[in-house]
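Trainee: I should like to learn how to read a structure that is new to me. May we go through it one feature at a time?

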Amino acid sequence: MLQKIESVKEAVINRTVLSPAELEQFRNEYLSKKGILNQLFEDFKAVPAEEKKSVGIALNELKTLLHEKFEALKLQFSQEQELSNKTDLTRPASPFNWGGRHPINVVRKEIIDIFSRLGYVVADGPEIEDDWHVFSALNFPEEHPARDMQDTFFINHRPDIILRTHTSSIQVRVMETMKPPIRVICPGRVFRNEAISARAHCIFHQIEGLYIDKNVSFADLKQNLLVFARELFGEKTQIRLRPSYFPFTEPSAEMDVSCSICGGKGCNVCKYTGWLEILGCGMVDPNVFKSVGIDPVIYSGFAFGMGIERIVMLKYQIKDLRHFFENDLRFLEQFQSQF
Ligand code: DAH
């Protein structure tokens, strides 16, 4: 009996099963009611008592072997079946929709790239600021009427903790921590308590620039801004500086670029002036240097700041500022970017 079990075992081990039909045949032969395994258990009843133990062990081993082989093959065939049902390897891959960058981010990166090529590095600062970094260090004295130029959001009714109203606060943080020469470009969100309309919003984006070294002059400022304007709006672009006032610069100016829509001839975008105002700038006021511990006798510098929304609106002729914040895909999908 032991010998018989051994030879069945060998036959099972060597048996090849290549298809579900062959597996069914295998099951019939060995595991069905009238199959070899049941037959052997029938024969087992006649085994003399003294051999029962060893034959019993061998028979159980055979039983386990048969079941394991059957289950493994069953699993293998069902997986193969599933794959062939689901996978059509000849199908073309489904197109992957990457989406696009927000136009504010596209232009923000463009501006940063231009200034990076001129040697500026990006600097950052907090959106929740203190009065010192937003106003006092920038030469806005207490009760100075210039503070009314910007409608400030206060945190928990505290007069000293505010949402920054401009990215010029980052200038202060940079000057407090870095030693000249300094060349930074500071992008960020800013907040002003204004009613939302097509031309104003309570949240928007600015980019601030700051350049400090020995012998920095207004001519350097002009040249940096001319290069920037031509890179952003095209090489035929002209710039014009008009005298202006900011507490933190002296002298101060506002910069216009020649209208990129009509080439300066006059159209409804530039209101028939041929010029578009895009930024404020000036030479860093000596009082600002004094508040951050930089010697205004040794160093001079210039700063400039611009709203990103305004530049995007001019570049793409967008008429309503609210589009930027509404996340309407019909608007956003028009801006596909490479980066
Ligand atoms: N901070 C000004 C604003 O929000 C913009 C500005 C003007 C920044 C002149 C500057 C500057 O750095 O020099 O309106």
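Mentor: Let us begin with exposure, taking one residue as the case. K271 is exposed, because its relative accessible area is 59% and the cut-off for that word is over 50%. K271 is found in the loop between β7 and β8. Please keep in mind throughout that this is a predicted model.

Trainee: What is notable about the phi of K271?

Mentor: K271 has a positive phi of about 50 degrees, although it is not a glycine. Q317 is another such case: it is not a glycine, and its phi is positive at about 55 degrees. Q317 has its place in the loop between α10 and α11 (323–326). With a relative accessible area of 42%, Q317 is partly exposed. A glycine with a positive phi can be found as well: G234, just after α8, takes a value of about 115 degrees.

Trainee: How many residues does helix α8 have, and what span should they give?

Mentor: Helix α8 covers residues 218–233, which is 16 residues. At 1.5 Å a residue they should span 22 Å, and the C-alpha atoms at the two ends are 22 Å apart, so the two values agree.

Trainee: Which residues of α8 are buried?

Mentor: The general idea comes from the helical turn. An α-helix has 3.6 residues a turn, so residues three or four places apart point the same way. In α8 the buried residues are L221, N224, L225, L226, F228, A229, L232 and F233.

Trainee: Which element gives the most to the largest nonpolar core?

Mentor: In soluble globular proteins, nonpolar side chains tend to be buried together. Here the largest nonpolar core has 45 residues, of which I111, F228, I278, L279, F304 and M306 touch the most other members. At least two residues of this core come from each of α5 (103–117), β5, α8, β7, β8, β9, α10 and α12 (329–332). Helix α8 gives the most, with seven residues.

Trainee: Let us turn to the sheet. In what order do its strands lie?

Mentor: One reads a sheet by following each strand to its partners. This is an open sheet of seven strands, with mixed pairing and the order β1-β4-β5-β9-β8-β7-β6. Its edge strands, β1 and β6, each pair on one side only.

Trainee: How are β6 and β7 joined?

Mentor: Strands β6 and β7 run antiparallel and are joined by seven bridges. The hairpin between them passes through two residues. As to individual positions, R242 stands opposite E254 in β7, and L241 has M255 of β7 as its bridge partner.

Trainee: What is the bridge partner of M255 in β8?

Mentor: In β8, M255 is partnered by L279. Strands β7 and β8 also run antiparallel, with eight bridges between them. Elsewhere in the sheet, β5 and β9 pair in the antiparallel sense over eight bridges, and I207 stands opposite M306 in β9.

Trainee: Is β7 mostly covered or mostly open?

Mentor: Strand β7 is mostly covered, eight of its ten residues being buried. The strand also holds P251, which is joined to E250 by a cis peptide bond with an omega of about -5 degrees.

Trainee: Where else is there a cis peptide bond?

Mentor: A cis peptide bond joins P180 and P181, with an omega of about 5 degrees. P181 has its place in the loop between α7 (168–177) and β4 (182–191).

Trainee: How should I describe the largest pocket, and what is its volume?

Mentor: One may state its volume, then its centre, then its lining. The volume of the largest pocket is about 1400 Å³. It is lined by 49 residues, and R199, E277, I278, G307 and R310 are the closest to its centre.

Trainee: Which element supplies the largest share of that lining?

Mentor: Strand β8 supplies the largest share, seven residues. Among the elements that each supply at least two residues are β5 (203–213), β9 (300–307) and α10 (308–316). By kind, the lining divides into 22 nonpolar, 14 polar and 13 charged residues.

Trainee: Is L118 buried, partly exposed or exposed?

Mentor: L118 counts as partly exposed, because its relative accessibility is 28%. L118 has its place in the loop between α5 and β1 (121–122). From C-alpha to C-alpha, L118 and K63 are 81 Å apart in space, and they are 55 residues apart in sequence.

How values were computed. Residues are numbered from 1 along each chain as its sequence is written. This is a predicted model: local features need pLDDT of at least 70, side-chain atom pairs count only at pLDDT 80 or more; totals for chains, interfaces and linings use all residues. Side-chain values use heavy atoms; hydrogens and water are left out. Helices (H or I, at least four residues) and strands (E, at least two) are DSSP runs, numbered from the N terminus. The expected span of a helix is 1.5 Å times one less than its number of residues. Buried means under 20% relative accessible area, exposed over 50%, partly exposed in between (1.4 Å probe, protein chains only). On a 1 Å grid over the protein atoms alone, a cavity is a set of points where a 1.4 Å probe fits but cannot get out, and a pocket is an open set with protein on both sides within 12 Å along at least five of seven lines; lining residues have an atom within 4 Å of a point. Grid points are joined across faces, edges and corners, and a volume is the space filled by probe spheres set on the points. Ala, Val, Leu, Ile, Met, Phe, Trp, Tyr, Cys and Pro count as nonpolar, Asp, Glu, Lys and Arg as charged, and the others, Gly among them, as polar. Two strands pair if DSSP finds at least two bridges between them. A nonpolar core is a set of buried Ala, Val, Leu, Ile, Met, Phe, Trp, Tyr and Cys residues joined through side-chain atoms within 4.5 Å.
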